[in-house]
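Visitor: Could you walk me through this protein model before I get to my own questions?
Guide: Gladly; here is the structure, and then we can talk.

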Amino acid sequence: MMREIGHFIGGKEVKGSSGRFGDVFNPNTGEVQAKVALADKSDVDKAIANAEAAFPVWAATNPQRRARVMFKFLELIQREFDDFARLLSSEHGKTVADSRGDIQRGLEVVEFACGIPHLLKGEFSDGAGPGIDLFSMRQPLGVVAGITPFNFPAMIPLWKCAPAIACGNTFILKPSERDPSVPLRIAELFLKAGLPEGVLNVVNGDKEAVDALLTDPRVKAIGFVGSSAIAEYIYATGTARGKRVQCFGGAKNHMIVMPDADMDQAVDALIGAGYGSAGERCMAVSVAVPVGKKTADTLLQKLIPRVEGLKIGPADDAGVDYGPMVTRELLNKVKGYIEDGIKEGAKLVVDGRNFKLQGYENGNFIGGCLFDEVQPHMRIYKEEIFGPVLSVVRAKDYEEALRLPSEHEYGNGVAIFTRDGDTARDFTNRVQVGMVGINFAIPVPLSYYTFGGWKRSGFGDLNQHGPDAVRFYTKTKTVTARWPSGTKEGAEFVIPTMR
Ligand code: NAD
């Protein structure tokens, strides 16, 4: 019997009523390993009703108690860390070690959320006027929702739900239908950690579930992470209905290699950031920009054998660099981009398309691919490939290298490798990208800073995690209080001033 994955509503796993299901594949073999329920409007309605019912008590639970749930969750997950990592890997296809990293980067945001009593402190001005105090407070929004992508099935759901819940909201998570098991386990574990039923609900599904969340007036805010076209749709639809929305989209992250860079360090960085997780990361480096012909030639000479030597295999094999892609559909899309690149005249110097693994012939595997002489007008440069494909765009000088990421329509992450502090500083100040790495290829900020890209990589005003998460998941109330014992000035007809 095929395993069925349902929803998590009101503190328990439920089957759902739509009768529609999606396939969850085993990326190593290409076989369907489970069916996931795809919610319809009535399933989403139940989740919202549960979240709404749970809101008043949870919002009134003091922040210290809410933080204790976060602490307990951190303690409980340590005991199940390996199980979580294996489960994640079995549906996503990333290595178990990388799955541990996925969970760890999510837990760091739970750790941040443990500080919620401090983070929610308002401002206070004693004696702002005669007998008058002025203060601000942060209050939760109500029912909020998170819609998350397949590529970080632990990290991004935790980035969304932990701060939202810690702020006193109740939450509906709509994770990716490609790898839905870990998000459900997260919800179960939060319940064990003491979260009341209905505070965190998980609804599996596709566009139908998303649209139900987008159109329901009881949902006050939506946080989305995924591809840019859908990010834009969700931002436009949600904000038009008066919701607070933040959406994080696709990327094309460049890594500039200056002539003075440590070439071995740059090559290591490109191999890890370009091919780790089969390139299925929004912060993957997909474009290398060597500055000057000599830098490009040296870089290529060192890079080619490393790409050819990448170890690819089943996700649960501890000796591999990366595993299969999540689905055959994405694998075929990546192969389509490679054909486009060749047709447009880029030079495919390492071709991983015919990679085959004995015993795993139907798995979603692809070897590392490397393009040289990629030009900015080419589709493989303009669009996000989301696979183990690195494009080299040769820049003649620093100014051209700076222009490339700055003028690209995406602006998520960027890196520069150089030994020169002036260059690094100038680059940091002028580049039009949201997250910058200096001799650091994947500059995902730690949980107490915020994460967010610019241009078509991010829609909305506030970033994810860090202080922005608290701003996004709360509304500010400002209070002017007068406790005068003897002010009797009569009615005032002019706008009050503090004189
Ligand atoms: P996706 O856009 O296909 O799906 C994301 C979510 O949207 C899923 O929950 C999915 O069910 C839902 N969805 C899909 N189609 C929809 C539709 N038509 N209407 C409404 N909802 C829909 O993205 P993905 O393939 O799961 O993830 C990969 C993408 O996510 C890449 O573009 C990657 O760069 C991006 N990403 C961005 C960040 C970031 O922080 N900027 C982080 C991780 C991933």
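Guide: What follows is a short chat about the fold, the rings and a few single residues.

Visitor: Where do these coordinates come from, and how are residues numbered?
Guide: This is a predicted model, in which local features need pLDDT of at least 70 and side-chain atom pairs count only at pLDDT 80 or more, while totals for chains, interfaces and linings use all residues. Residues are numbered from 1 along each chain as its sequence is written, and side-chain values use heavy atoms, with hydrogens and water left out.

Visitor: OK, how many helices and strands are there?
Guide: The protein chain has 15 helices and 23 strands, where helices (H or I, at least four residues) and strands (E, at least two) are DSSP runs numbered from the N terminus. The radius of gyration is 25 Å, close to the 23 Å that the globule rule gives for 499 residues, so the protein chain is as compact as a globular protein of that length. That radius is taken over C-alpha atoms, and the rule is 2.2 Å times the number of residues to the power 0.38.

Visitor: And what does the C-alpha trace span along its principal axes?
Guide: The C-alpha trace of the protein chain spans about 85 × 60 × 40 Å along those axes.

Visitor: How much of the chain is buried?
Guide: Buried residues make up 56% of the 499 residues; buried means under 20% relative accessible area, exposed over 50%, and partly exposed in between, with a 1.4 Å probe and protein chains only. Among contacts between residues at least 6 apart in sequence, 73% join residues at least 24 apart, a contact being heavy atoms within 4.5 Å.

Visitor: Switching to rings, how many aromatic pairs turn up?
Guide: A search of the whole structure finds 9 aromatic pairs. Rings of Phe, Tyr and Trp (its six-membered ring) pair if their centres lie within 6.5 Å, and planes under 30 degrees apart count as stacked, over 60 as edge-to-face and the rest as tilted. For F73 and F190, the ring centres are 3.9 Å apart and the planes are at 10 degrees, so the pair is stacked. This pair links distant parts of the chain, since F73 is in helix 2 (residues 63-92) and F190 in helix 6 (residues 181-192), 117 residues apart.

Visitor: Are those two buried or exposed?
Guide: F73 is buried, and F190 is buried too. Elsewhere, ring pairs link F355, Y360 and F365 into a cluster.

Visitor: Which residues of helix 7 are buried, and what do they pack against?
Guide: In helix 7 (residues 207-215) the buried residues are A209, V210, A212, L213 and L214. They pack against helix 1 (41-60), strand 8 (143-147), strand 9 (170-174), strand 11 (219-225) and helix 8 (228-240).

Visitor: Now backbone angles: what is phi of F386?
Guide: Phi of F386 is near 60 degrees, a positive value in a residue other than glycine. As a general point, most residues other than glycine have a negative phi. F386 sits in the loop between helix 12 (379-382) and strand 17 (389-392), and it counts as buried at 15% relative accessibility.

Visitor: What about N439?
Guide: N439 has a positive phi of about 50 degrees although it is not a glycine, and it lies in the loop between strand 20 (435-438) and strand 21 (454-455). At 30% relative accessibility, N439 counts as partly exposed.

Visitor: Where is S286, and what does S286 touch?
Guide: S286 is in strand 14 (residues 285-290) and counts as buried at 15% relative accessibility. Not counting residues up to four places away in sequence, S286 touches K252, N253, V389, L390 and S391. S286 and H254 are 32 residues apart in sequence, with their C-alpha atoms 6.4 Å apart in space.

Visitor: Last one, what about K302?
Guide: K302 is in helix 10 (residues 293-308) and is partly exposed, with a relative accessible area of 31%. Leaving out residues up to four places away in sequence, K302 touches M263, D264 and V267. The C-alpha atoms of K302 and G142 are separated by 54 Å, the two residues being 160 apart along the chain.
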